[in-house]
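Colleague: Please take a close look at charge pairing in this model. I would like the residues involved, the distances and the degree of burial, followed by whatever else is worth noting on the surface and in the backbone.

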Amino acid sequence: MDTIPGHNVFIIGAGFTKEIFPHAPLNRNLLKALESPNSASSILRKRYNTQDIEIALTRLDATIASLKRNSGQRSKEPKNLRQRIESELGYYFSSEDFQISENLITQSQWITQLIDGAFNPGDVAISLNYDCVLEGVLDCRGKWTPNLGYGDRICNPLACNDSTPQSPVTVLKIHGSANFILDIENNGIIFSFDEYFFPRSAKKKHLVQLPRREGSRKIYIIAPSFVKAPTVEINYLMLDALSALTKAKNLIIIGSSLRPEDSFLTVLITNFFRQPDWSNRKIIVVDPQAEEISKRINDYWQEKISSHILPIKDCLKFAVPRILDAIGD
């Protein structure tokens with residue numbers, strides 16, 4: 001993955017999607033959002049008596065691991081339940097509730113200002129979201145294409161050999177995506193590419209959609225659990241994320257609380273400030289809880305880097321001017 005020296009790296013969390021689609025659930029509300037009669041979400045909530053999907057899935061993962069170690073127990077129900085919750089998550093975040101359109105962006109001036117002003121060729125966005133809202137918006141503004149848009153490990157075979165220009169901004173979806181498809185037979189991940197997700201670049205008819213389910217193919221996401229077991233492609237994306245932060249000038253965190261249990265996010269920030277030129281670097285945290293998040297970063301690092309962290313305590317739509325000023329400094 002090629003980057004431009006002095007590029008910016010973004011960490012994009014659920015708060016970004018929620019700013020565009022207010023109905024979008026944050027992680028703590030996700031189990032309830034998915035719940036319906038006889039759904040896997042409903043079973044998880046009742047079985048583990050919690051509304052927190054991360055706690056419920058972590059306990060489910062522990063059960064699955066225990067069954068694998070105990071040869072006398074061969075129940076497939078926990079594993080099937082996990083596959084069901086992954087499907088529910090995938091289909092939920094690929095629904096019309098999260099569909100990007102040119103009209104939506106036209107009506108939201110702050111989106112245009114943010115994408116046009118903050119995202120430049122060579123920048124990298126590390127997305128923690130399953131939806132395709134970020135790359136859909138980038139696509140509408142000419143900042144993303146299917147040609148290496150997800151890096152060089154996740155590709156659409158109909159797009160990567162096309163004359164489509166290389167994507168200016170790379171989006172690394174390290175938790176998977178509602179449009180990522182695990183092709184078990186070919187042992188890899190491809191992505192579905194159609195106008196539903198990408199209203200601008202998918203208008204080219206020869207870049208047709210790959211089926212979301214066909215035989216041994218299924219939506220690939222890493223469901224929210226303390227236990228994460230990514231495929232090799234996702235591990236490559238994580239390595240690309242580390243590499244991008246090695247040379248970055250600014251790290252802009254939008255809509256992510258940087259939960260301590262997601263240890264890879266801590267590794268990313270550690271790598272960002274571990275470089276010889278760390279004193280010239282800056283973290284910009286955009287969130288209603290930005291001051292609390294910034295304090296946790298500073299306290300963890302222990303070298304008092306508070307002067308290199310800028311908390312912007314505001315909703316994203318009102319924070320755009322300050323973000324652009326901070327990036328331009």
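**Salt bridges and their surroundings**

Modeller: Asp277 is partly exposed, because its relative accessible area is 34%, which falls between the 20% limit for buried and the 50% limit for exposed. The model is a predicted one, and that applies to every value below. The partner of Asp277 is Arg281, and the closest N and O atoms of this salt bridge are 3.0 Å apart. Arg281 has a relative accessible area of 4%, so Arg281 counts as buried. This pair thus joins a partly exposed acid to a buried base.

Another group of charged residues is connected through shared partners: Glu54, Arg259 and Glu261 belong to one salt-bridge network. Within that network, Glu261 pairs with Arg259, with 3.1 Å between the closest N and O atoms. Glu261 is partly exposed because its relative accessibility is 35%. Arg259 is also partly exposed, at 24%.

How many salt bridges does a search of the whole structure find? The number is eleven. One of them pairs Lys173 with Glu135, where the closest N and O atoms lie 2.8 Å apart. Lys173 belongs to strand β3, residues 170-173, and Glu135 to helix α8, residues 133-140, so that this salt bridge links distant parts of the chain, 38 residues apart. Lys173 and Glu135 are both buried. As a general point, side chains of opposite charge can pair when their charged atoms come close.

The surface also has a nonpolar side. Ile55, Phe226 and Val227 form a nonpolar surface patch, and their accessible area together is about 250 Å². Ile55 sits in helix α4, which covers residues 53-69. With a relative accessible area of 37%, Ile55 counts as partly exposed.

Next, the helix packing. Two packed helices are described by the angle between their axes and the distance between the axes. For helix α9 (residues 232-246) and helix α10 (residues 263-273), the axes come within 8 Å and cross at roughly 30°. The two helices are therefore roughly parallel to each other, since angles under 35 degrees count as such. The crossing of α9 past α10 is right-handed.

In the backbone, two residues deserve a note for a positive phi in a residue other than glycine. One of them is Asn38, with phi near 65°. Asn38 lies in the loop that runs between α2 (30-34) and α3 (40-48), and because its relative accessibility is 68%, Asn38 counts as exposed. The other is Leu148, where phi is also near 65°. Leu148 belongs to the loop between α8 and β3. α8 and β3 are also the elements that hold Glu135 and Lys173, respectively. Leu148 is partly exposed, as its relative accessible area is 30%.

Last, a residue of helix α11. Tyr300 is located in this helix, which covers residues 290-301. Is Tyr300 buried or exposed? Tyr300 counts as exposed, because its relative accessibility is 52%, where the cut-off is over 50%. From Tyr300 to Lys46 the C-alpha to C-alpha distance is 36 Å, and the separation in sequence is 254 residues.

Methods
Residues numbered from 1 in each chain as written. Predicted model: local features only at pLDDT ≥ 70, side-chain atom pairs only at ≥ 80, totals over all residues. Heavy atoms only, no water. Patch = residues over 30% accessible without salt bridge, like charges linked within 9 Å, V, L, I, M, F, W, Y side chains within 5 Å. Areas by Shrake-Rupley, 256 points an atom, 1.4 Å probe, with all protein chains shown as cover. Salt bridge = Lys/Arg side-chain N within 4 Å of Asp/Glu carboxyl O. Helix = DSSP H or I, 4+ residues; strand = E, 2+ residues; numbered from the N terminus. Buried < 20%, exposed > 50% of the residue type's maximum accessible area, 1.4 Å probe, protein only. Axes fitted to C-alpha atoms, helices over the stretch in contact; angles between N-to-C directions. Parallel < 35°, antiparallel > 145°, perpendicular 65-115°, else oblique. Left-handed = near helix turned anticlockwise from the far one by under 90°.
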